[in-house]
Amino acid sequence: SFFRSVVFDRLSLFPSLGHARPFLATMPVQISYFPVKARVLPVLVARVGGIDFVFNPVENWPGDLKAKCPFGQLPLLEDGALTLGQSLAIANYLAKKAKLLGDTDEDFGLSQSLMQEAEDIYTETGSNMSTFYAVDKKPGYDAFVAEKLPLHLGNLEKLVKGDKFTSALTIGELSIFLNLNILVDSFPTLLEKYPKLQAFYKRMLALPKVAEFFEKDAKGLKQYFQIPK
């Protein structure tokens, strides 16, 4: 046929084309998580990093989805044949795609330490604050607010250079920012005693892609951590 002749002629002129991989349309990365503002760092990284993705808020859990989850929990990432669990692993995977791990060794190291600090803050917040699903006051709440949280914020304040932690935007900065945002939902004046940290927070909040995250992805999410009533 005419089509076969044209293909044959092109392959004859350019033999290397005969070994080219067939074109495959890439599918968006799928990120599934509960409709609460909690472990949504992967969504923020995907949005800021310009990754083609779909965020799927999961209302019906476990349903059929749990069987797909490598560790039986959300969030879940599906990227072609790859399935990943664990929020920090997913976030780092997406950050690698988006080149948000850090351009220098120093930025990479600091970014990863910021991620670990953000995880420590998140874990202590979860241990001591009420949540959307459990509103009763926890025994450690008062000490968390008066002692533990200020200690974390003070340590972070020392690391801010101007209004940045790293020389270019990194996943570590996004991780700290998201945790601060979750806390500011409950404590609006949280950063008033930490001017450099507050400057960092305001700079991040003003980034167009971060604003897009709140407009498109986080808008319908419920506030997960709550001040006990």
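## A lysine partway out

Let's start with one side chain: K68 counts as partly exposed, because its relative accessibility is 47%, and that class runs from 20% to 50%. Please keep in mind that this is a predicted model. The side chain of K68 meets that of E78 in a salt bridge, with 3.3 Å from N to O. E78 belongs to strand 4 while K68 sits in the loop between strand 3 (53-57) and strand 4, so the salt bridge ties together parts that are 10 residues apart in sequence.

## The whole protein

Stepping back, the protein has 229 residues, and 42% of them count as buried. Its secondary structure comprises 8 helices and 8 strands. If we take the contacts between residues at least 6 apart in sequence, 68% of them join residues at least 24 apart. The accessible surface is about 12,800 Å², with 57% of that area belonging to carbon and sulfur atoms.

## Helix 3 and its buried face

Helix 3 covers residues 87-98, which makes 12 residues. From its first C-alpha to its last it reaches 16 Å, close to the 16 Å expected at 1.5 Å a residue. Which of its residues are buried? They are S87, I90, A91, L94, A95 and A98. Seen down the helix axis, these buried residues fall within an arc of 135 degrees, so they line one face of helix 3. The spacing has a simple background: an α-helix has 3.6 residues a turn, so residues three or four places apart point the same way.

What covers this face? The cover includes strand 1 (29-33), helix 2 (41-48), strand 4 (76-79), strand 5 (82-85) and helix 6 (171-186). A91 makes a good close-up within helix 3. It counts as buried because its relative accessibility is 0%. Beyond its neighbours within four places in sequence, A91 is in contact with L41, P42, V45 and I171. A91 and V45 are 46 residues apart in sequence, with 6.5 Å between their C-alpha atoms.

## Salt bridges across the chain

Side chains of opposite charge can pair when their charged atoms come close. How many salt bridges does the structure hold? There are 12. One of them brings together the side chains of E119 and R39, at 3.0 Å from N to O. This pair links distant parts of the chain, 80 residues apart: E119 is in helix 4, and R39 is in the loop between strand 2 (36-37) and helix 2. E119 counts as buried because its relative accessibility is 18%, whereas R39, at 24%, counts as partly exposed.

E106 and K161 form another salt bridge, their closest N and O atoms being 3.7 Å apart. E106 lies in helix 4 and K161 in the loop between helix 5 and helix 6, so parts 55 residues apart in sequence are tied together. Both E106 and K161 are exposed. Elsewhere, salt bridges with shared partners join R47, K209, E212, K216 and D217 into one network.

## Two buried polar side chains

D107 is found in helix 4 (residues 105-128). D107 is buried but has no salt bridge. The nearest side chain of opposite charge is K161, 6.7 Å away. A salt bridge requires a nitrogen within 4 Å of a carboxyl oxygen, so that distance does not qualify. Setting aside neighbours within four places in sequence, D107 is in contact with L101, G102, T166, S167 and A168.

H152 is found in helix 5 (residues 141-159). Is H152 buried or exposed? With 12% relative accessibility, H152 counts as buried. Not counting residues up to four places away in sequence, H152 touches E117, D120, I121 and E124.

## Backbone details to check

Most residues other than glycine have a negative phi, and most peptide bonds are trans. The bond from W61 to P62 is cis, with omega near 10 degrees. Another cis peptide bond joins L74 and P75, where omega is about 10 degrees. P62 is placed in the loop between strand 3 and strand 4, and P75 is found in the loop between strand 3 and strand 4 too.

Positive phi values turn up on either side of helix 3. Q86, in the loop between strand 5 and helix 3, has phi near 75 degrees. Q86 is partly exposed, with a relative accessible area of 37%. Helix 3 is followed by K99, whose positive phi is near 60 degrees. K99 lies in the loop between helix 3 and helix 4, and it counts as exposed at 69% relative accessibility.

Notes:
Residues numbered from 1 in each chain as written. Predicted model: local features only at pLDDT ≥ 70, side-chain atom pairs only at ≥ 80, totals over all residues. Heavy atoms only, no water. Helix = DSSP H or I, 4+ residues; strand = E, 2+ residues; numbered from the N terminus. Expected span 1.5 Å × (residues − 1). Buried < 20%, exposed > 50% of the residue type's maximum accessible area, 1.4 Å probe, protein only. Arc of directions from axis to C-beta. Contact = heavy atoms within 4.5 Å. Lys, Arg positive; Asp, Glu negative; His and termini not counted. Areas by Shrake-Rupley, 256 points an atom, 1.4 Å probe, with all protein chains shown as cover.
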